[in-house]
Amino acid sequence: MRPLRAAVPRLVARIDTLTLRVGEAVRWLTLAIPLVCVAYAAVRKAFHWGHNGLSELQWYLFACVYLVAAGYTLLRQAHVQVDVLRQRLSLRAGCIIDLLFLGPLGMVCVYLACSYWAFWTDSLLRREGPEDVLVGLERWPVKLALFIGFSLLALQCLAEALRRVCVLRGWLPASVLLPQVQQADGRSDQASAA
């Protein structure tokens with residue numbers, strides 16, 4: 001039991017680190033979206049020329065941000081929760097309810113990731129693109145974002161479930177359930193809010 005007691009929190013920490021790094025990297029794509037939008041508008045206005053690929057690129061970046069950052073949102077506990085009920089529950093009851101939701105969510109994410117793997121590889125092998133090859137982008141990048149997004153969300157569901165099991169077993173303190181993700185400057189969210 002001792003090796004498991006040490007291994008599970010280490011696994012949770014590694015998944016959290018991966019999710020945090022991916023989330024912070026994807027965060028920069030939110031800057032690229034308006035830049036592409038402005039460039040597209042400027043080219044259309046100045047040169048009376050527009051390429052549908054730039055418009056599609058905006059949607060691809062938007063999809064990538066929201067799909068790939070879903071695990072990061074779960075890690076930061078920025079997802080929608082019914083806090084009115086949670087405030088009245090004990091720590092144990094809250095962890096059990098979280099586990100009841102994280103389990104099915106994680107299984108659905110695994111199923112979707114596996115499905116989108118086949119969806120992506122088929123698109124990549126067929127070099128699937130728009131109907132008019134002169135004005136659009138290939139489809140496989142956005143399908144790859146689907147696979148990566150659901151894979152990372154499944155991993156983070158596993159980490160969150162394991163974190164709650166560790167708290168219930170007394171292997172980790174209850175404070176690990178608070179959204180205290182370390183930011184790039186080393187301060188926690190709660191410390192920077194004060």
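**Helix 1 against helix 7 in an all-helical chain**

In this predicted model, the axes of helix 1 (residues 2–27) and helix 7 (residues 140–169) come within 9 Å and cross at roughly 145°. Axes here are lines fitted to C-alpha atoms over the stretch in contact, with angles between N-to-C directions running from 0 to 180 degrees; helices are DSSP runs (H or I, at least four residues), and strands are runs of E of at least two, numbered from the N terminus. Where they meet (contact: heavy atoms within 4.5 Å), helix 1 contributes residues including Val 8, Leu 11, Ile 15 and Asp 16, while helix 7 offers, among them, Leu 152, Leu 155, Ala 159 and Arg 163. The residues of this contact comprise 13 nonpolar, two polar and two charged, with Ala, Val, Leu, Ile, Met, Phe, Trp, Tyr, Cys and Pro taken as nonpolar, Asp, Glu, Lys and Arg as charged, and the others, Gly among them, as polar.

Helix 6 (residues 91–126) comes next. Its 36 residues reach 51 Å from first C-alpha to last, close to the expected 52 Å, which is 1.5 Å times one less than the number of residues. Among its buried residues (under 20% relative accessible area, 1.4 Å probe, protein chains only) are Gly 94, Asp 98, Leu 102 and Trp 120. Arg 127 follows helix 6 and has a positive phi, near 55°.

Overall, the chain holds eight helices and zero strands, and 31% of its 194 residues count as buried.

Residues are numbered from 1 along each chain as its sequence is written. Local features need pLDDT of at least 70, side-chain atom pairs count only at pLDDT 80 or more, and totals for chains, interfaces and linings use all residues, while side-chain values use heavy atoms, leaving out hydrogens and water.

Note on methods:
Buried means under 20% relative accessible area, exposed over 50%, partly exposed in between (1.4 Å probe, protein chains only).
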